[in-house]
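Open the model in your viewer and keep the selection box ready. We will go from stop to stop, selecting a few residues each time.

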Amino acid sequence: MEYLNVLKDLSMYVGVSGREKEISQYIEGLFKNYCDEVRIDEFYNVCGYKKGSGDTGKKIMIMAHHDEIGMLVKSIDDRGFVKFTNIGGIDTKILLAQEVIIHGSEDIYGVIGAKPPHLLKPEDTKKAVKMEDLYIDTGLSKENISKLVSIGDVITFKTYPFELKGNKLSSKCLDNRAGVAALLDIMERLSKLSHNDDVIFVATSQEELGLSGAKIASYNINPDMAIVIDACHGEIPDASKDETYALGKGPAIAIGPNIHRAYTNKIIEVAKEENIPYQIDVEPGNTGTEAWATQVSRAGIPSLLISIPVKYMHTTVETLHINDIKNTGKLVSRFVSGL
């Protein structure tokens with residue numbers, strides 16, 4: 001798979017939680033290259049069905065969310081400045097001086113204004129930035145912007161993916177378009193491997209708003225087991241090593257009460273047998289991922305959680321190592337083939 005190109009394309013599509021129509025239609029086209037049947041449900045979950053070679057009657061669901069964080073137009077003041085609120089978890093410190101796109105009746109470019117340090121009072125320099133104090137400047141008057149922008153329109157960051165040294169990529173929403181890329185890699189590998197069970201691939205919606213897409217898909221599909229692919233925090237200098245994972249050293253396999261112990265042991269065995277690098281992610285409680293919702297769907301679904309390390313999560317410069325996607329695809333495909 002052309003990992004870099006696939007990731008760059010995926011990251012450029014708009015897919016803010018609750019407004020995933022555009023990205024879901026794009027992913028649907030990608031899934032059709034590998035799956036026997038593809039459909040999009042009412043909540044923009046993209047489901048791809050791949051028939052197994054056996055007649056087991058069992059289903060494996062492999063999911064990764066495709067939605068991203070973003071913002072929402074809240075009001076327009078008399079001078080044409082746009083006030084906004086967040087969709088999903090956004091640290092206001094990253095917002096100052098950002099370029100954004102307001103998706104109104106047409107796309108309008110703007111910047112999030114910041115008061116210059118020259119104009120700040122000494123006491124203001126020590127205060128935390130509040131989202132309600134920020135605004136977007138499009139250059140338009142209220143009369144003109146009101147013709148193009150409405151309350152409730154979605155706002156995204158105006159960024160472009162770019163390559164770093166060491167086989168790394170930086171972009172917005174690699175959490176979790178990286179997981180979607182891994183789904184595509186698994187599909188491609190399974191096309192060349194024998195697998196007895198049917199496999200249902202799901203690119204889910206509204207993960208950033210409370211795992212909604214995963215709850216819907218898990219209930220509707222009711223698989224015999226589930227594998228959730230998400231992002232975990234990549235290693236950075238000022239973060240605890242107990243909570244971060246090195247880039248380029250393989251996906252992180254979760255261990256904890258939310259995760260099925262026997263299947264976890266099995267996938268670790270596969271990693272060792274195939275010499276696939278991996279890391280261990282200790283999760284003593286709520287993983288904060290779709291595995292939390294999937295495990296307790298209907299009568300309970302045995303679930304695994306495999307995470308791709310991503311640095312600077314929920315910013316415009318999320319960064320990953322391409323090999324971690326490749327090794328995630330190899331690990332999960334070999335695990336499914338061996339069941």
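A cavity is a set of grid points where a 1.4 Å probe fits but cannot get out, and a lining residue has an atom within 4 Å of such a point. Keep in mind that this is a predicted model.

**Stop 1: the cavity**

How many cavities of 30 Å³ or more does the structure hold? The structure holds 1. The largest cavity has a volume of about 80 Å³.

Now select its lining. Start with Glu68, Ile69, Thr156 and Phe157, which are among the lining residues. Add Lys172, Cys173, Asp175 and Glu208, also part of the lining. Finish with His314, Thr315 and Glu318. Colour the lining by class: 3 residues are nonpolar, 3 are polar and 5 are charged.

**Stop 2: a salt bridge at the lining**

Keep Glu68 selected and add Arg177. Arginine 177 forms a salt bridge with glutamate 68. The closest N and O atoms of this pair are 3.3 Å apart. Side chains of opposite charge can pair when their charged atoms come close.

Where in the chain do arginine 177 and glutamate 68 lie? Arginine 177 is in helix α4, while glutamate 68 is in the loop between β3 (59-65) and β4 (70-76). The two residues are 109 residues apart, so the pair links distant parts of the chain.Are arginine 177 and glutamate 68 buried or exposed? Both arginine 177 and glutamate 68 are buried. Now add Lys172 to the selection. Glu68, Lys172 and Arg177 are linked in a network of salt bridges.

**Stop 3: helix α4 and a cis bond**

Stay with helix α4, residues 174-190. Select Asp175 and Asn176. What kind of peptide bond joins aspartate 175 and asparagine 176? The bond is cis, with an omega of about 10°. Most peptide bonds are trans. Asparagine 176 lies in helix α4, and Asp175 is one of the residues that line the largest cavity.

**Stop 4: two asparagines with positive phi**

Most residues other than glycine have a negative phi. Select Asn167 to see another case. Asparagine 167 has a positive phi of about 65°. Asparagine 167 sits in the loop between β10 and β11 (168-171). Its relative accessibility is 36%, so asparagine 167 counts as partly exposed.

Next, select Asn222. Phi of asparagine 222 is positive too, near 50°. Look for asparagine 222 in the loop between α5 (212-221) and β13 (225-233). Asparagine 222 counts as partly exposed because its relative accessibility is 33%.

**Stop 5: a nonpolar patch**

Turn on the surface and select Phe162, Leu164, Tyr312 and Val317. These residues form a nonpolar patch on the surface. Together they have about 330 Å² of accessible area. Phenylalanine 162 lies in strand β10, residues 162-164. Why does phenylalanine 162 count as partly exposed? Its relative accessibility is 39%, and partly exposed covers the range between under 20% and over 50%.

**Stop 6: the largest pocket**

Pockets are open, so search for them with the surface on. About 480 Å³ of space lies in the largest pocket. Its lining has 14 residues, and Lys115, Leu120, Asp124, Val129 and Asp133 are the closest to its centre. Select these to find the place. By class, the lining holds 7 nonpolar, 2 polar and 5 charged residues.

**Stop 7: the second largest pocket**

The second largest pocket holds about 320 Å³ of space. Of its 20 lining residues, Ala231, Cys232, His233, Thr287 and Thr289 are the closest to the centre. Which strand gives the most to this lining? Strand β13 does, with 4 residues. β13 and β16 (303-310) each supply at least two residues. The lining divides into 5 nonpolar, 7 polar and 8 charged residues.

**Stop 8: more salt bridges**

The structure holds 11 salt bridges. Select Glu28 and Lys32 for one of them: the closest N and O atoms are 3.8 Å apart.

Last, select Glu274 and Arg334. Glutamate 274 and arginine 334 form a salt bridge, with the closest N and O atoms 2.7 Å apart. Glutamate 274 is in the loop between α6 (261-273) and β15 (279-282), and arginine 334 is in helix α8 (residues 322-338), so the pair ties together parts that are 60 residues apart in sequence. Glutamate 274 counts as partly exposed at 31% relative accessibility. Arginine 334 is also partly exposed, at 29%.

Definitions and conventions: Residues are numbered from 1 along each chain as its sequence is written. This is a predicted model: local features need pLDDT of at least 70, side-chain atom pairs count only at pLDDT 80 or more; totals for chains, interfaces and linings use all residues. Side-chain values use heavy atoms; hydrogens and water are left out. Patches are made of residues with over 30% relative accessible area and no salt bridge: like charges are joined within 9 Å, nonpolar side chains (Val, Leu, Ile, Met, Phe, Trp, Tyr) within 5 Å. Accessible areas come from the Shrake-Rupley method with a 1.4 Å probe; for residues, only the protein chains shown count as cover. A salt bridge is a side-chain nitrogen of Lys or Arg within 4 Å of a carboxyl oxygen of Asp or Glu. Buried means under 20% relative accessible area, exposed over 50%, partly exposed in between (1.4 Å probe, protein chains only). On a 1 Å grid over the protein atoms alone, a cavity is a set of points where a 1.4 Å probe fits but cannot get out, and a pocket is an open set with protein on both sides within 12 Å along at least five of seven lines; lining residues have an atom within 4 Å of a point. Grid points are joined across faces, edges and corners, and a volume is the space filled by probe spheres set on the points. Ala, Val, Leu, Ile, Met, Phe, Trp, Tyr, Cys and Pro count as nonpolar, Asp, Glu, Lys and Arg as charged, and the others, Gly among them, as polar.
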